[in-house]
Structures are given as C-alpha cells and as structure tokens.
Amino acid sequence: TPVALLLSGRGSNATALIHACEAPDFPARICLVLSNNPQAPGLDVARKAGLPAKAIDHRPFGKDRAAHEQAIHACLEESGAQAVCLAGYMRLLTPFLTTAWAGRMLNIHPSLLPSFPGLHTHERALEAGVRIHGCTVHLVTEGMDEGPILGQAAVPVLPGDMPDDLAARVLHEEHQLYPLALRRFLDKGAPSCQAQSVLLVA
Ligand code: GRF
C-alpha cells in the first residue's frame, strides 16, 4: 500500500517507518515524504533513502491555512498515497484535511492518550506524577489527538527522571510502535500484541 509521511522536523519516526518498509513482507511502501518545513532534517533522511521528498512551506500562505492544506492534499493525491502517517507534523489540521483523509490518516503522539494531548507531554506527565507514560498511535479526526486509538506502548516513569530522560524512553517505544501499528492497520491479520510494552488494539 502506498503511504505518505508528513513531518516538520527531525524525522526519527519517519526513519523508523522507512526502515520498516524496507522489509519485503511489510504491507506499506513510502510513496512520498512531505514537509511544511523545507529545512526539516526528516526530508534529508528520505532523500538519502532514495524516496521522493518535498516541502510545501506554510509561510508564504500566511494565515490562509486552507490554501496550504489544499496544496498539501493535492501533493498527497498526486503521490498515489492511500494512507498518510503524520510523523512529527507540527501543524494543526483543519477539517478539510481530516475529512479528506478520514480513516486513512494516522498520528503518533508522545503520551498515553487521552492523557496529555497537545504539547510538552513529558513535562506534564512528570508534573502530574504519573508512574506509567508512553505513546499512542491513533487515527486522525477533527479534534487534536482525539481519534480512535490503534495502539499504545507504555514505559515506566523512574525516580529522578527529567523530561529529556522520559522523552528518550518514550521515543524508543514510538519507533517500535509506529511500524507495528501501521502494519496492523493495513493488514488486519497481524497479531494484536507483538512486544512486551506494546499493545495494539484490534
Ligand atoms: C515525536 O515525539 C512524536 O510523537 C510527536 O512529535 C515527535 C516527532 O519526532 N508527534 P520525530 O520528528 O519523529 O523524531
């Protein structure tokens, strides 16, 4: 299945997905890596892997979110993508894009949703004193970080953890979870639980 990735920055989740897609039995192939940020390191990762990589800078569009999203959408369509994975895409989506890709757009979020939607999840988890934290792959709907959950991975919060410690522990799980959740999403026959801390919902 042709899958496009949307990212804004570092691209470590994109890297994990790109590597997963190199396995012959993986049900996705990356048809496009698209960014709103022409400087995103994730675009270089894609280019080095020989994948089509493109930026549509949001800045020239100013406040016209709709026009930027239409350009993004046109590009996704042209790539032949049948599904889209948000991988650190830092723009809020309007109903135009969420509706156009309803049921076909996945996101990874660095918390155990519905706890801590939005930004600064690791700081907020530490402030809240939770003992278990993690990440979630979910379908994208209109409400930010709100769609149906496809899978979660959990990590412990350890005494003395700083936000960066927790971020690194969660990120490691993100890189396991996202490919598993995408595989499960595309290939409903995949086993529902494949790693100790990862839980993929049916
Ligand atoms: C990840 O923590 C992801 O969960 C969040 O944004 C971050 C992106 O990191 N949505 P990367 O660009 O994939 O390294």
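In the predicted model, helix 1 makes the greatest contribution to the shell around the ligand, supplying three residues. The shell comprises 16 residues in total, of which Arg10, Ser12, Asn13, Gly88 and Pro110 are the closest to the ligand. Two or more residues are contributed by each of helix 1 (12-21), strand 5 (105-109) and helix 6 (163-186). By residue class, the shell consists of seven nonpolar, seven polar and two charged residues.

The loop between strand 5 and helix 5 (121-128) contains Pro114, and Phe116 is placed in the loop between strand 5 and helix 5 as well. Two backbone features were identified here. The peptide bond joining Leu113 and Pro114 is cis, with omega at about 10 degrees. Phe116, a residue other than glycine, adopts a positive phi near 55 degrees. Phe116 is classed as buried because 22 C-beta neighbours lie inside 10 Å, the threshold for this class being 20 or more.

A further positive phi value occurs in the loop between strand 6 (132-139) and strand 7 (149-156), where Asp145 is located. For Asp145, again a residue other than glycine, phi is near 60 degrees. Asp145 has 17 other C-beta atoms within 10 Å and is therefore partly exposed; this class lies between the limit for exposed residues, 12 or fewer, and that for buried residues, 20 or more.

Gly143 is likewise situated in the loop between strand 6 and strand 7. With 9 C-beta neighbours inside 10 Å, Gly143 is assigned to the exposed class, because the count satisfies the criterion of 12 or fewer. The C-alpha atoms of Gly143 and Glu69 are separated by 16 Å in space, while the two residues are 74 positions apart in sequence.

With regard to annotation, an unreviewed UniProt entry assigns the feature "domain: Formyl transferase N-terminal" to residues 3-182. In the model, the C-alpha atoms at the two ends of residues 3-182 lie 10 Å apart. Helix accounts for 37% of this span and strand for 22%.

Notes
Residues numbered from 1 in each chain as written. Predicted model: local features only at pLDDT ≥ 70, side-chain atom pairs only at ≥ 80, totals over all residues. Near = placed C-beta within 6 Å. Helix = DSSP H or I, 4+ residues; strand = E, 2+ residues; numbered from the N terminus. Nonpolar A, V, L, I, M, F, W, Y, C, P; charged D, E, K, R; others polar. UniProt positions renumbered as here; feature names shortened; annotations may be inferred.
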